[in-house]
Amino acid sequence: MVRRIPWLRRCGVAVAISIIAAAAAASAASAATSKSPVQWTRSYAVPGTPAKYDKVGVIKIGRKTAKNVLVLEPGTSAGSAYFVPLARWIVSERPGWQVWSVERRENLLEDQSVLNKAKQGKATATQLFDYYLGYLTNPSIKDHFQTIPDSKVGFARQWGLNVAVQDLHTVISAADKLGGKVVLGGHSLGGSVVTAYATWNFDGRPGADQLAGLVYDDGASIATPESAAAARQALQTLASGTPWLAFSDVPAPYLGLFSSVGSLSALIAPNQLSPVNTFAAAPASIKTPIPATNLGVFGYDTDTKTSSLSFASQAHLGQLNTNVSPAGWSRDGAITPIDRYATMLSGAGLMGVDGTEWYFPQRLTDDTAAIDQGNANPAQRVLDVHATLGHHLPKRLRMYAFGAYGGAAITAATIALAKQSRIPMSHLTLVNRHRTYAHNDPAAAYPKNAFFSHPIRFLTTISRTR
């Protein structure tokens with residue numbers, strides 16, 4: 001008898017990705033290295049946090065001799081592997097640059113053991129799913145993932161914007177020591193963190209003093225700041241609740257598990273029949289109209305035309321191929337190759353890391369509501385946010401903003417930030433593709449990518465400036 005999980009039934013995002021994971025049951029896996037590419041560095045010491053978690057990680061892509069560094073900050077519930085395909089593409093075109101993708105400290109809590117085995121071909125997709133998720137409805141599975149009780153990680157309630165910015169400071173300071181130019185970019189919520197860092201008050205100087213440029217990938221600080229009362233209420237709610245964001249009402253770590261397990265499973269067994277229509281916990285809205293392969297289900301549930309998921313999960317991937325049985329996936333009309341997107345989410349080919357965060361701090365989400373283009377406000381005082389130097393950015397700073405799902409709001413926020421410090425409009429590169437690009441297309445589209453072509457020129461311009 002299958003035990004029904006209430007939050008599985010309620011949340012389309014969780015169910016859809018878990019369906020993808022449950023659908024996979026094959027053998028061959030992507031080639032993987034024997035060592036994790038993440039380099040961990042001692043970072044900001046948070047009172048009450050065990051020292052083993054006071055670290056920040058980076059995946060470094062590019063030649064070690066390259067002096068210029070583009071640092072990329074992931075968005076909500078995203079990990080460093082998300083940027084790896086894009087990073088490899090960038091350095092192939094601009095060998096004078098490295099790309100460093102940030103792995104936040106909360107990812108030290110993840111158990112990547114069976115994901116690693118699956119990447120090496122030592123665990124099947126079924127074993128992968130059973131270890132991380134299958135045990136939830138099958139009590140006969142004894143060897144499985146162990147969740148971390150909130151009572152063991154209460155210190156993570158402090159892992160907000162101050163911690164994220166201080167950890168970024170560790171990364172950027174290391175990049176600065178190479179002697180070249182440093183550019184900071186971010187996707188989605190990562191764009192808000194970019195603005196926070198650039199305007200952060202480091203002993204009277206803005207973080208942007210270390211930077212030559214800013215890159216916004218469908219994310220920026222676009223909202224007016226919340227009130228001090230709202231900020232205090234957020235802290236009170238956090239104090240009596242979980243440290244982790246329940247994205248789309250799914251408690252941690254399950255959304256991250258569904259994403260990493262589901263995306264890797266879709267790569268392992270793309271052509272097998274998916275059991276989506278007989279999966280007991282699946283709502284009707286998530287099921288494909290006809291039986292489909294694992295890849296077909298993955299595409300159907302994440303493509304913009306058919307997905308019932310949040311915009312944050314979507315890309316232009318193609319369409320369900322109903323001319324075969326079971327239905328497969330057609331890449332016709334795709335901007336993003338579906339296997340490339342699944343690789344970004346799963347970290348296929350990389351040991352010990354994926355493109356998702358299983359534990360995303362609620363405090364980090366709460367704190368971004370106070371950034372306000374780096375202007376001091378009452379909510380910042382409540383939340384210990386110090387993004388107050390938004391009018392003091394260096395006039396040499398260059399900015400590139402790409403609006404996809406966020407559209408004109410992303411480019412408008414970038415213009416507003418520049419105007420505050422009288423940065424010349426000639427230093428801004430602004431692109432709005434909201435009619436053709438979904439939220440994940442900028443980092444994932446290939447081989448034609450409107451987002452990619454502009455930063456290549458942007459980085460070239462920066463490397464030539466004095």
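Two strands count as paired if DSSP finds at least two bridges between them, and with that in mind the tour of this predicted model can begin at a pair of strands.

Select strand β3 (residues 68–73) together with strand β5 (residues 182–187): the two run parallel and are joined by five bridges. Within β3, pick out Leu 70, whose bridge partner in β5 is Val 183. Now add helix α7 (residues 189–199), which lies across β3, β5 and β8 (213–217) and runs at about 145° to β5.

Widen the selection to the whole sheet, which is open, has eight strands with mixed pairing, and follows the order β1-β2-β4-β3-β5-β8-β11-β12. At its edges you will find β1 and β12 (428–432), each of which pairs on one side only. As you step across the sheet, neighbouring strands are turned by 20° against each other on average, when direction is ignored.

Next, go to the loop between β1 (38–42) and β2 (55–61), and select Thr 49 there. Is this residue buried or exposed? Thr 49 counts as buried, because its relative accessibility is 9% and the cut-off for buried is under 20%. If neighbours within four places in sequence are left aside, Thr 49 is in contact with Asp 54, Arg 105, Phe 155 and Trp 159.

Two of these contacts, Arg 105 and Trp 159, deserve a further look, since the charged end of Arg 105 sits over the ring of Trp 159, 5.7 Å from its centre. Trp 159 also belongs to one aromatic cluster with Tyr 53, Phe 155, Trp 244 and Tyr 359. For another charge over a ring, select Lys 60, which lies over the face of Trp 100 at 4.3 Å from the ring centre.

Stay with the rings a little longer, for a search of the whole structure finds 19 aromatic pairs. One of them is formed by Phe 145 and Trp 358, in an edge-to-face arrangement with 5.8 Å centre to centre and 80° between the planes. This pair links distant parts of the chain, 213 residues apart: Phe 145 lies in the loop between α5 (125–132) and α6 (161–176), and Trp 358 in the loop between α11 (338–346) and α12 (362–367). Phe 145 is buried, with a relative accessible area of 2%, and Trp 358 counts as buried at 2% relative accessibility.

Finally, select Ala 229 in helix α8 (residues 228–239), which counts as partly exposed at 48% relative accessibility. Show Pro 378 as well: Ala 229 and Pro 378 are 149 residues apart in sequence, and their C-alpha atoms are 9.0 Å apart in space.

Terms used:
Residues numbered from 1 in each chain as written. Predicted model: local features only at pLDDT ≥ 70, side-chain atom pairs only at ≥ 80, totals over all residues. Heavy atoms only, no water. Phe/Tyr/Trp six-rings, centres within 6.5 Å; stacked < 30°, edge-to-face > 60°. Helix = DSSP H or I, 4+ residues; strand = E, 2+ residues; numbered from the N terminus. Buried < 20%, exposed > 50% of the residue type's maximum accessible area, 1.4 Å probe, protein only. Lys NZ or Arg CZ within 6 Å of the ring centre and 35° of its normal. Contact = heavy atoms within 4.5 Å. Axes fitted to C-alpha atoms, helices over the stretch in contact; angles between N-to-C directions.
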